[in-house]
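Please open the structure in your viewer, with a way of selecting residues by number. The tour below goes from stop to stop, naming at each one what to select and what is to be found there.

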Amino acid sequence: MTELLAPAGNVEALDAAIGEGADAVYLGLKSFNARLRSSNFAWREFEACVQSVHRQGKKIYVTVNTVSEEHETERLYRFLSYLNDVHPDGLIVQDFGVVRMCQEFFPDLELHASTQMNVESAQAANLLMTQGFKRVVLARELGLEEIKSVKQNTPCQLEIFVHGALCVSESGLCLFSSYLGGKSANRGMCTQACRRFYNAEMSGGRSQGYYFSPCDLSLIDHVPELMSLGVESFKIEGRMKSAEYVGAVTAAYRYVMDHWENDKKGAIAEGKRILSTDFARTKTDYWYGFSTTKDGIDNAGEKILNPNQAGGTGIYLGKIAELRSASEAEKNKALLTSHISQAQETESEPKKNQIQMAVIKGGSYDPDPGDSIRLHKKDDTGRESHKVRVVTEDAKGNRWIDIPYGFEKSDTVYLLQTKSMSKRYKHVLPQDLSHFKKQPGAERLPILDLTPLKKDELSWFPQGLYVQVSTIADAHVVQGFHPVRIILELNKEVSYDLVHKDSAEKPILPFSKKVAILSLDPYWAEGDFKEFSETLNILLEKGYTQFIVNNLSHIALLKDKKHVHMIAGPYLYTFNKWAVSFLENLNIMALQTPIENSEDNLTETFRNEKERSRVLVSIFSYPALFRIRFKMPDSYDFTYFEDKEGMAFKISSSDDGTFVMPELPFTLLDKTEYLKKNGFTHQLLDFSKTKVRKNDIKALQNIMATKDFISGASRFNWKDGFYNPEKMEAYQAIAKRNAKNAEQQNIQKPGKKSGRRTH
């Protein structure tokens with residue numbers, strides 16, 4: 001029987017999900033989850049939730065689906081120990097470090113692979129099963145036939161998203177938000193660059209639009225087919241959505257799942273009627289309905305993208321025109337109507353009632369108490385759902401409504417649900433939480449030493465300069481760098497050339513296969529798998545033995561091949577020693593560090609010269625910020641576009657999909673000698689997706705010789721690391737305290753006196 005899995009971003013959403021018949025809920029706590037901007041659950045709340053949900057015969061899954069840096073691993077270990085003590089039904093995980101810790105210390109915790117782990121094939125699912133996983137959440141960019149094929153070729157449980165927001169980028173591969181300021185999607189801090197408004201230079205002149213903002217997913221028409229396939233779990237996206245939204249969507253899918261066998265047409269019609277109160281974006285069934293993978297790549301863009309559709313969800317209410325502090329009476333009214341106990345409020349939702357009052361102008365509807373709204377910061381740095389509890393009218397006729405702190409004038413507001421659509425649900429949590437006292441302790445994480453290298457184990461991975469390109473022609477051009485290894489991106493063009501044009505009599509490469517490394521695409525979907533695996537087998541027969549693997553399916557295909565050497569690519573995220581150890585257990589000893597990584601974290605993860613001799617560091621690249629499975633629509637007649645700050649990006653579409661990159665490169669060219677002195681002797685010039693010219697080579701050689709910095713280029717996160725909200729709050733608190741102290745000192749400082757001082 002297929003499970004209906006609903007989101008619980010807060011206590012009210014939990015009540016709605018259970019009240020409308022969800023079989024299970026998934027939620028996050030205050031850290032290590034990919035929706036850090038949702039309310040999430042406090043320790044005692046979560047403990048009570050597990051007990052209450054289990055008493056109703058339901059299940060509860062915890063999202064631990066972000067990557068962790070080395071300095072966070074002890075806190076992660078304590079968190080996992082706490083979860084092991086509370087006994088949820090499963091952990092939804094992304095970081096291989098979490099997997100490795102669970103294997104070593106918490107084998108009773110059931111593991112589910114997050115969609116962020118980028119699983120889109122049966123081979124990847126089967127590999128994860130050997131590592132202790134029970135379920136995988138498939139990447140969202142798969143069609144019905146692909147899901148059917150995965151199901152037929154793996155005994156692993158499958159969970160798929162059926163409703164909610166989509167990412168334009170392939171699952172787990174988006175770097176855009178991280179590039180803009182360290183707020184990584186892999187860290188739960190995504191600022192949704194895909195929803196932003198961009199300016200583009202088209203042949204007919206300058207144009208503007210939400211070019212990468214996808215429609216929302218809705219598979220309610222396909223519920224019967226997916227249940228017939230035996231998919232184990234239907235997942236509703238929406239941990240940042242209102243309780244009303246969660247309740248309505250859960251009710252709709254519950255109805256169709258329970259009634260389609262008796263009346264398929266009628267059940268779907270009723271499900272759609274229930275969903276009519278969903279004020280979210282236009283709906284799409286995304287990759288469903290295409291006859292072939294090529295058909296999807298060519299045409300999915302038209303189904304999913306609408307440049308005229310604003311990034312926000314709901315009905316536009318206007319912008320914040322006025323703000324003021326809430327009165328004590330308004331605060332008390334908000335508390336009385338929030339339907340949470342005082343114990344819950346003080347311990348778990350301290351910000352719940354930190355409200356301010358606002359006047360909204362520009363729309364055609366005035367929200368009333370009980371309506372759910374969504375607020376969007378004008379600079380796209382934050383969004384939050386909120387239920388209106390207080391409305392006050394002043395002498396001038398202005399209607400003031402309560403909104404959360406943190407929003408300012410000109411921020412936009414949308415209507416998600418009206419009170420008339422709302423239901424009151426029985427509370428899942430008990431009123432008294434005082435006897436739920438478990439929380440992470442002070443356990444010490446055992447020291448992990450990386451596996452020492454055997455003599456000559458990495459002789460095939462010599463130190464020196466590596467160069468990566470996307471075409472055979474570029475491989476000829478970059479010979480001027482005299483690299484120790486050439487890395488060829490195994491895209492469709494290169495695959496064709498190597499399979500059909502390369503021969504012993506007429507080799508098309510200007511170098512031996514012994515110095516060639518093939519880099520495999522991080523998105524290797526089920527629909528492409530047969531073609532790619534056949535290509536790979538031909539290349540193995542031709543004598544190619546060195547590969548950069550970027551997907552678990554790559555490891556599954558290559559791990560038992562004789563004389564094959566694998567380098568873990570930048571998309572097999574290794575931000576901590578435990579993740580590295582996971583790959584070591586799969587006999588992968590060399591790796592390319594993720595482009596998002598920082599110098600501090602890299603040096604903390606790999607502490608000595610021997611460990612660092614295994615690491616390939618990118619010193620120049622145009623990183624793919626979006627990797628999109630489909631081509632852009634024909635109307636996207638532009639190569640360059642800008643955000644509102646004037647930062648420029650470029651876009652290219654091919655049979656391999658679409659790639660969005662910055663106009664200016666990421667560079668550490670001026671740090672090459674510094675890196676070598678610190679043991680990072682494997683360095684990469686990455687020209688992927690970029691045409692290489694001889695003049696470019698000369699310019700870069702000169703920069704490397706003079707150790708200059710490229711004007712306008714990016715360091716990505718190398719210097720500053722990931723954005724850390726806790727650190728920022730600490731800095732702000734210190735700055736505020738220092739300012740207060742300085743103010744007090746100025747007040748207390750005596751004024752100067754004229755004349756001679758006396759003693």
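Begin by selecting glycine 646, which takes a positive phi near 90° in the hairpin of E28 and E29, a hairpin with five residues between its strands. Helices (H or I, at least four residues) and strands (E, at least two) are DSSP runs, numbered from the N terminus. The model is a predicted one, in which local features need pLDDT of at least 70, side-chain atom pairs count only at pLDDT 80 or more, and totals for chains, interfaces and linings use all residues. Residues are numbered from 1 along each chain as its sequence is written, and side-chain values use heavy atoms, with hydrogens and water left out.

**The six-stranded sheet**

Now select the two strands on either side of that hairpin, strand E28 (residues 640-642) and strand E29 (residues 648-654), which pair in the antiparallel sense over three bridges; two strands are said to pair if DSSP finds at least two bridges between them. Within this pair, phenylalanine 641 stands opposite phenylalanine 649 in E29. Going on along the chain, a second hairpin joins E29 to E30 through two residues, and these two strands run antiparallel, joined by six bridges. Select serine 652 next, and its bridge partner in E30 will be found at phenylalanine 659.

Which residue stands opposite phenylalanine 659 in E27? It is arginine 627, and the strands concerned, E27 and strand E30 (residues 657-662), pair in the antiparallel sense over three bridges. With these strands coloured, add the others, and an open sheet of six strands appears in the order E9-E8-E28-E29-E30-E27, with antiparallel pairing. Strand E9 (205-209) and strand E27 (626-628) each have a single partner strand, so one side of each is left without a neighbour in the sheet. Neighbouring strands of this sheet are turned by 25° against each other on average, direction ignored; such angles are taken between axes, lines fitted to C-alpha atoms (for helices over the stretch in contact), and run from 0 to 180 degrees between N-to-C directions.

**A cavity beside arginine 627**

Keep arginine 627 selected and add Pro570, Tyr571, Asp686 and Ser688: of the 31 residues that line the second largest cavity, these five are the closest to its centre. A cavity here is a set of points, on a 1 Å grid over the protein atoms alone, where a 1.4 Å probe fits but cannot get out, and lining residues have an atom within 4 Å of a point. The volume of this second largest cavity is about 410 Å³, a volume being the space filled by probe spheres set on the points, which are joined across faces, edges and corners. Its lining divides into 15 nonpolar, nine polar and seven charged residues, where Ala, Val, Leu, Ile, Met, Phe, Trp, Tyr, Cys and Pro count as nonpolar, Asp, Glu, Lys and Arg as charged, and the others, Gly among them, as polar.

**An enclosed strand**

Select strand E26 (residues 615-621) next. Is it buried or exposed? Seven of its seven residues are buried, so the strand is largely enclosed by the rest of the structure; buried means under 20% relative accessible area, exposed over 50%, and partly exposed in between (1.4 Å probe, protein chains only). Four bridges join E26 to strand E32 (residues 682-686), in the parallel sense, and here phenylalanine 620 stands opposite leucine 685. Strand E25 (residues 590-592) also pairs with E26 in the parallel sense, over two bridges, with glutamine 592 opposite leucine 616. The pairing of E26 with strand E31 (residues 666-667), by contrast, is antiparallel, over two bridges, and serine 621 has phenylalanine 666 as its bridge partner there.

From glutamine 592, move to threonine 574, in the loop between strand E24 (565-568) and helix H18 (577-584). Threonine 574 counts as buried, at 1% relative accessibility. Not counting residues up to four places away in sequence, threonine 574 touches Ala579, Val580, Leu583, Leu591, Gln592, Pro594 and Asn597, contact meaning heavy atoms within 4.5 Å.

**The seven-stranded sheet**

For the last stop, select the open sheet of seven strands, whose order is E16-E15-E19-E13-E14-E18-E17 and whose pairing is antiparallel. Its edge strands are strand E16 (383-387) and strand E17 (391-393), each pairing on one side only, and the twist averages 40° from one strand to the next. At one edge, strand E15 (residues 372-376) and E16 pair over five bridges, with histidine 376 opposite arginine 383. Finally, add helix H12 (residues 328-336), which lies across strand E13 (315-325), strand E14 (355-362) and E17, running at about 90° to E14.

Conventions. 1 Å grid on protein atoms, 1.4 Å probe; cavity = no way out; pocket = protein on both sides within 12 Å on 5 of 7 lines; lining within 4 Å.
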